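Me: I would like to work through a structure with short questions. Please show it first.

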Amino acid sequence: MRKAPALLLVVALLTTGCASSASRAEGSSDVLRLGMFPNLTHAPAYVALGEGIFDRDLAPTRVEVTYFNSGSDAQAAVTTGAIDATYIGPGPSITAYLQSGEVAIVSGVASGGASFVIRKGSGISESADLHGKKVAVPGIGNTQDVALRTWLKDHGLRAKDAGGDVAVAAIDNPELLQTFQAGHVDAAWEPEPWPSFLIQQGVARLFVDEATLWPRGRFVVANLLVNTIFLKAHPHIVKRLVRANVEAIQAISDDPTHAQEAAQAGLIQAGAPSFDQSVVDAAWSKLEFTWDPLPETLCKDARDAHALGYLEQDPKDISRIYRLGILNEVLKEEGEPPVEVPA
């Protein structure tokens, strides 16, 4: 994985002493610095990258990609201006907004596609069996970590760092298979394609499909987040980025088989293994790619994170994170209906 280079990029930009935070965040009209993760939930990013949609829609601006595994790393990068925009989950988006106020969600990306899987042989068949067990998440405080801890709380359980006896550990996704095979963890709450991959490899079974916990099975799992200083400096570039995201989602709808191939190729370049088609098919079936950011589900994520103590600030005004005017301009031009703009 290229987690370290992402961190080095942030550190380098923070320590140059050659420019203010604002000037870094304003960026350049020549380059758009974009973050993405090696998850199928970010498939529109990989389709836009692999199919030349970014190149076409953002020209003459060049897209420079940084790959992240942790939402907290991407959050730090976008808030400091080390990158200009990123595909990212709701959890770190919320934290970034409440801590800095200098980020905005400009489009939805994906709904669904996260599950709680149990290692075969772990002895877990019901929630009570999780006492004393160890569960993996992509990052502490990230979207899946909040979902896991909320579920544990609802079932009378708590993580060790919250006074309970369920150990929660942050493990990079590409390391999950080896960790499961070695018996170092007993379960994992992860975004696709990782749950489907572990199941296909015969080391895990499905315990909870997160979609079953949400009304109509829809919940935001990825959004497009931008630094607002960059947005103010280069609104035309952000509009082109939003258009590229919309066109990538349209391409996925028009030809899902080809889109799967493009996404798979992009994931491999980002450091993920080459997944069998059965894994991609299973993961794809759990995802809905949509430019609708499903704001009501992000608001619930924020309330859950606050209840867990991750957010000191009351997230009652979290809906202000949305800047959907540009998205609705693009949708009108594409002949698509507008999305709801939170009050």
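Me: Is Gln264 buried or exposed in this predicted model?
Reply: The model is predicted. Gln264 has a relative accessible area of 13%. Buried means under 20%. So Gln264 counts as buried.

Me: In which helix is Gln264 found?
Reply: Look for the helix that covers position 264. Residues 256-269 form one helix, and Gln264 is found there. That helix is α12.

Me: Which residues is Gln264 in contact with, leaving aside its neighbours within four places in sequence?
Reply: Contact here means heavy atoms within 4.5 Å. Set aside the neighbours within four places in sequence. Gln264 then touches Pro273, Ser274, Phe275 and Val280.

Me: Which strands stand at the edges of the open sheet of 5 strands?
Reply: The order is β7-β6-β8-β5-β9, with mixed pairing. An edge strand has a single partner, so one of its sides is left without a neighbour in the sheet. The two strands like this are β7 (167-170) and β9 (204-209).

Me: What does the twist of this sheet average from one strand to the next?
Reply: Take the strands in their order, β7-β6-β8-β5-β9. From one strand to the next, the twist averages 25°.

Me: Which residue in β9 stands opposite Phe116?
Reply: Strand β5 covers residues 114-119, a range that holds Phe116. β5 and β9 run antiparallel, joined by 5 bridges. Across from Phe116 in β9 stands Val208.

Me: At about what angle does helix α7 run to β8?
Reply: Helix α7 spans residues 143-154. This helix lies across β5, β6, β7, β8 and β9. Its angle to β8 is about 135°.

Me: Which residue does a cis peptide bond join to Glu192?
Reply: Most peptide bonds are trans. Here omega is about 15°, and the bond is cis. The partner sits in the loop between β8 and α9 (194-200). The partner is Pro193.

Me: What is omega near for the peptide bond from Ala59 to Pro60?
Reply: Pro60 is found in the loop between α4 (53-58) and β2 (62-67). The bond from Ala59 to Pro60 is cis. Its omega is near 10°.

Me: Is Arg216 buried or exposed?
Reply: Arg216 has a positive phi of about 60° although it is not a glycine. Exposed means over 50% relative accessible area. Arg216 has 72% relative accessibility, so this residue counts as exposed.

Me: Is Leu294 buried or exposed?
Reply: Leu294 also has a positive phi, about 50°, and is not a glycine. Its loop runs between β11 (287-289) and α14 (295-307). The relative accessible area is 3%, so Leu294 is buried.

Definitions and conventions. Residues numbered from 1 in each chain as written. Predicted model: local features only at pLDDT ≥ 70, side-chain atom pairs only at ≥ 80, totals over all residues. Heavy atoms only, no water. Helix = DSSP H or I, 4+ residues; strand = E, 2+ residues; numbered from the N terminus. Buried < 20%, exposed > 50% of the residue type's maximum accessible area, 1.4 Å probe, protein only. Pairing = 2+ DSSP bridges. Axes fitted to C-alpha atoms, helices over the stretch in contact; angles between N-to-C directions.
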